[in-house]
Amino acid sequence: MTRVCEIAQLGDPALRQKAQIVADVHEGEILQIIKAMQATLAATSGVGIAAPQISQSKQIIIMASRPTPRYPSAPLMAPTVMINPRFDVLSEIQEKDWEGCLSIPGIRALVPRYRDIMIRYTDQQGGLVEAKLSGFVARIFQHEVDHLEGKTYLDRVENNADIFAESEFVKLIGSAG
């Protein structure tokens, strides 16, 4: 069984480094990193993870949108491994919505993200995949790609008043429902 890794927390230098491009998706080290990322994400209520979050400086993300207590209206999507991911903006329209991060527990913030993007990545078999993403899944993709650039969602917040303790976020969302 693959071991669940400790998730790097805000302040860990691994989260602030630009991740290295993966040259060979079939390399043993890359396969081990992917297995560790899959096991670690499955053990959380997160909807995505990036290799730097398990202290691996590689351009690998996994997106796994699913309804969770943190994201009750998230669409269901099979966990998808994306190597060397990139995106182009299809529309300059940005939307602010709530984000959290496994590396920044206890905090949520309103973060502006592009609503519609075209993504490209290499899959685990080495094939190039292109797809259009919108809304929540586009947000996850951009959030995870930020990790590969050494950024966290807090770097995207426009106003510190948009940052909430998780306990206050829960109260806010509860009163809105």
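At 7% relative accessibility, V47 counts as buried. The model is a predicted one. V47 sits in the loop that joins helix 1 to strand 1. Leaving aside residues up to four places away in sequence, V47 touches L41, I62, M63, A64, S65, R66, Y71, F136 and I140. One of these contacts, L41, is itself a buried residue of helix 1. Two others, I62 and M63, fall within strand 2. F136 and I140 belong to helix 2. L90 lies 43 residues from V47 along the chain, and the two C-alpha atoms are separated by 23 Å.

Helix 1 spans residues 28-42 and has 15 residues. From first C-alpha to last, helix 1 reaches 21 Å, close to the 21 Å expected at 1.5 Å a residue. The buried residues of helix 1 are I30, I33, I34, A36, M37, A39, T40 and L41. Their cover includes three strands: strand 1 (48-50), strand 2 (60-63) and strand 3 (80-89).

An open sheet is built from three strands in the order 4-5-8, with antiparallel pairing. Strand 4 (94-101) and strand 8 (163-165) are the edge strands, and each pairs on one side only. On average, neighbouring strands of this sheet are turned by 25° against each other, direction ignored. Seven antiparallel bridges join strand 4 to strand 5 (residues 104-114). Q94 has Y114 of strand 5 as its bridge partner. Helix 2 (residues 135-148) lies across strands 4 and 5. The helix runs at about 60° to strand 4.

The structure holds 12 salt bridges. In one of them, the side chains of K18 and E149 meet at 2.8 Å, N to O. K18 lies in the segment before helix 1 and E149 in the loop between helix 2 and strand 8, so this pair ties together parts that are 131 residues apart in sequence. The two partners differ in accessibility class. K18 is exposed, with a relative accessible area of 54%. E149 is partly exposed, at 35%.

K96 forms a salt bridge with D162, and the closest N and O atoms are 2.8 Å apart. This pair also links distant parts of the chain. K96 is in strand 4, while D162 is in the loop between helix 2 and strand 8, 66 residues apart. K96 is partly exposed, with a relative accessible area of 41%. D162, by contrast, is buried, with a relative accessible area of 12%.

A further salt bridge lies within helix 3 (residues 166-176). Here the side chains of E168 and K171 meet at 2.9 Å, N to O. E168 and K171 are three residues apart in this helix, and therefore separated by about one helical turn. E168 counts as partly exposed at 37% relative accessibility. K171 is exposed, with a relative accessible area of 53%. Elsewhere, salt bridges that share partners join E99, R113, R139, D146 and R156 into one network. E99 lies in strand 4. R113 lies in strand 5. R139 and D146 lie in helix 2.

Three aromatic pairs are present in the structure. One of them, between F87 and F141, is edge-to-face, with 6.1 Å centre to centre and 85° between the planes. This pair links distant parts of the chain: F87 is in strand 3 and F141 in helix 2, 54 residues apart. F87 is partly exposed, with a relative accessible area of 27%. F141 counts as buried, at 0% relative accessibility. Ring pairs also link W98, F164 and F169 into a cluster. W98 falls in strand 4 and F164 in strand 8, the edge strands of the open sheet. F169 falls in helix 3.

Conventions. Residues are numbered from 1 along each chain as its sequence is written. This is a predicted model: local features need pLDDT of at least 70, side-chain atom pairs count only at pLDDT 80 or more; totals for chains, interfaces and linings use all residues. Side-chain values use heavy atoms; hydrogens and water are left out. Helices (H or I, at least four residues) and strands (E, at least two) are DSSP runs, numbered from the N terminus. The expected span of a helix is 1.5 Å times one less than its number of residues. Buried means under 20% relative accessible area, exposed over 50%, partly exposed in between (1.4 Å probe, protein chains only). Contact means heavy atoms within 4.5 Å. Two strands pair if DSSP finds at least two bridges between them. Axes are lines fitted to C-alpha atoms, for helices over the stretch in contact, and angles run from 0 to 180 degrees between N-to-C directions. A salt bridge is a side-chain nitrogen of Lys or Arg within 4 Å of a carboxyl oxygen of Asp or Glu. Rings of Phe, Tyr and Trp (its six-membered ring) pair if their centres lie within 6.5 Å; planes under 30 degrees apart count as stacked, over 60 as edge-to-face and the rest as tilted.
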